[in-house]
Structures are given as structure tokens and as C-alpha cells.
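Here is a brief report on one protein chain. The sequence and the model come first, then the notes.

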Amino acid sequence: MTLYEQILSLPLFQGLSHEDLDNIVTHTKFDFTRVEPGKDIVHEDTPCTKLRFLLNGTAVVHSRADDNSYSVDEDMQAPAMIGLERLFGLRQYYGHTITALSRCSLLNLAKEEVMKLSDKQLIFRMNLMNRLATDAQKSGRQVWARRPTALADGLLRFFSSHTRYPAGHKVFNIRMQTLANEIGQSRLNVSRKLNEWDDKGLIAISRGRIDIPMLEALLQLKDCP
């Protein structure tokens with residue numbers, strides 16, 4: 001895939017013509033960087049001054065509870081966008097630490113360049129607005145969703161609501177008692193259900209850790225009789 005094709009595949013550039021992209025490349029300051037495995041791409045609570053696009057490679061997104069009682073690691077595959085929800089608004093700091101798992105290639109746009117593109121390119125502006133509106137709508141509906149009463153549904157809701165994308169590899173670093181408290185169930189019942197899923201190969205549990213190879217496979221249990 002050429003660089004032009006990679007850029008046109010990114011969420012905010014989809015729908016642009018090659019002529020539009022030629023004009024953007026001519027008048028926009030693109031910053032291309034590479035991050036080696038094990039190095040942080042962005043770090044939580046540092047200022048978000050750039051919109052970053054993962055063009056190649058794999059990274060891991062690390063999120064944590066405010067009280068540090070648990071955390072979640074989830075894989076991020078290229079192409080992906082980093083920082084849009086933190087570039088504007090009340091708190092303009094990264095909300096996650098993202099670390100490269102393989103050698104990663106990134107395209108970085110300074111906030112000023114994002115604003116220029118939004119002003120001059122209608123398609124870019126519409127893509128930007130649609131992405132922000134969609135994310136806001138999804139987030140707004142979560143608080144109105146009915147609280148699950150069944151143990152399995154409560155666990156699935158917890159796993160899906162604490163991830164950025166409801167598919168792929170996830171690792172929950174959480175104690176069994178903490179998880180039980182979060183969903184309002186007993187530790188014993190939570191342990192039994194997790195061990196049942198472990199036996200089926202849907203998850204792998206160890207002390208303080210729940211490894212979910214494919215979250216989408218686990219979430220399909222909602223549709224089972």
C-alpha cells in the first residue's frame with residue numbers, strides 16, 4: 001500500500017480525492033515518526049497537542065481506574081487514530097498510555113494543522129464532526145443502559161464498557177474481589193463463572209489477571225440460549 005493509500009484509509013481522510021490529498025500534502029505540515037518496540041507513543045496525563053495516526057505496526061493501550069484498583073491492556077492495530085477526543089475540550093491531556101509492541105510508523109498533525117484542514121476541507125471537517133458526535137452519542141447512552149441482573153451479563157457488560165473497541169485481545173489486571181464489587185456479585189459466583197469460561201477456552205485466568213484472546217467471541221455469549 002502506498003503512502004497516499006494509507007492516508008486515504010485513515011478515518012478523517014476517507015472520501016477525499018487524490019486531487020484533494022495532493023493539495024493537503026502541499027499545504028499541510030505532516031510529521032512522520034517511528035517508535036521502536038517497548039517505547040511509549042503517548043503517555044497518560046501528558047498534554048495532547050497533536051493528532052496521531054498509527055500507519056503501521058501494533059501497539060498496546062493501557063487504561064487504569066482512577067483509584068488504580070485495576071487496569072486494562074488492549075491491542076491496537078494500524079490503521080488507528082490517537083488523541084482526537086483529547087485534542088479539544090475541557091481536559092486536553094492523553095487519557096491512556098500507548099506503547100509500541102512492534103516497530104510503529106506514525107503520521108502526526110499538530111493541533112493548528114488539524115484546525116486548518118477542518119477550515120479548508122469540507123470532507124475532513126465532516127469526518128471530524130461525525131467521529132466526535134458518534135463517540136459522544138455512544139458514551140451518552142451507556143449511563144441509561146439497564147443494569148444487568150444476571151451474573152454473566154454483568155461480567156460481559158463490565159468487559160465491554162471498559163474497552164475502547166469491543167473486539168480483539170484484552171487483558172484485565174484486576175483482583176477477583178474487585179471485579180465482584182464492581183458488578184455487585186459475590187466473589188465465589190464470579191470465580192465460578194470465570195473458571196467456566198476458562199474451561200471453554202474463552203478466557204485464561206491467573207492471579208489478578210484475566211486474559212481475553214478475542215473479546216468478540218466472549219460477547220457472543222449474549223446471543224446464546
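## A buried loop residue

Ile174 sits in the loop that joins strand S9 (170-173) to helix H7 (176-183). The model is predicted. Ile174 has a relative accessible area of 4%. That is under the 20% cut-off, so Ile174 counts as buried.

Which residues does Ile174 touch, leaving aside those up to four places away in sequence? They are Tyr70, Phe158, Leu179, Gly208, Arg209 and Ile210. Asn68 is 106 residues from Ile174 in sequence, yet the C-alpha atoms of the two are 9.8 Å apart.

## Helix H6 and the aromatic cluster

Helix H6 spans residues 151-161, and its buried residues are Leu151, Gly154, Leu155, Leu156, Phe158 and Phe159. The buried residues of H6 pack against S9, H7, H8, strand S11 (209-212) and helix H9 (215-219).

The structure holds seven aromatic pairs. One of them joins Phe158 and Phe172. The ring centres are 6.0 Å apart and the planes meet at 45°, a tilted arrangement. Phe158 belongs to helix H6 and Phe172 to strand S9, so this pair ties together parts 14 residues apart in sequence. Both partners are buried: Phe158 has a relative accessible area of 4%, and Phe172 has 0%. Ring pairs also link Tyr70, Phe158, Phe159 and Phe172 into a cluster. Two members of that cluster, Tyr70 and Phe158, are touched by Ile174.

## Packing of H7 on H8

At what angle do H7 and helix H8 (residues 187-199) pack? The angle is about 105°, and the axes are 9 Å apart. Angles of 65 to 115 degrees count as roughly perpendicular, so H7 is roughly perpendicular to H8.

H7 brings Met176, Gln177, Leu179, Ala180 and Ile183 to the contact. H8 brings Arg187, Val190, Ser191 and Leu194. By class, the contact has six nonpolar residues, two polar and one charged. Leu179 of H7 takes part here, and Leu179 is also touched by Ile174.

## The sheet

Seven strands form an open sheet, with antiparallel pairing. The order is S2-S7-S4-S5-S9-S11-S10. Strand S2 (40-42) and strand S10 (204-206) are the edges, and each pairs on one side only. From one strand to the next, the twist averages 20°.

At the S2 edge, the partner is strand S7 (residues 97-100). The two pair in the antiparallel sense over two bridges. Val42 stands opposite Ile98 in S7.

Note on methods:
Residues are numbered from 1 along each chain as its sequence is written. This is a predicted model: local features need pLDDT of at least 70, side-chain atom pairs count only at pLDDT 80 or more; totals for chains, interfaces and linings use all residues. Side-chain values use heavy atoms; hydrogens and water are left out. Two strands pair if DSSP finds at least two bridges between them. Helices (H or I, at least four residues) and strands (E, at least two) are DSSP runs, numbered from the N terminus. Axes are lines fitted to C-alpha atoms, for helices over the stretch in contact, and angles run from 0 to 180 degrees between N-to-C directions. Buried means under 20% relative accessible area, exposed over 50%, partly exposed in between (1.4 Å probe, protein chains only). Contact means heavy atoms within 4.5 Å. Angles under 35 degrees count as roughly parallel, over 145 as roughly antiparallel, 65 to 115 as roughly perpendicular and the rest as oblique. Ala, Val, Leu, Ile, Met, Phe, Trp, Tyr, Cys and Pro count as nonpolar, Asp, Glu, Lys and Arg as charged, and the others, Gly among them, as polar. Rings of Phe, Tyr and Trp (its six-membered ring) pair if their centres lie within 6.5 Å; planes under 30 degrees apart count as stacked, over 60 as edge-to-face and the rest as tilted.
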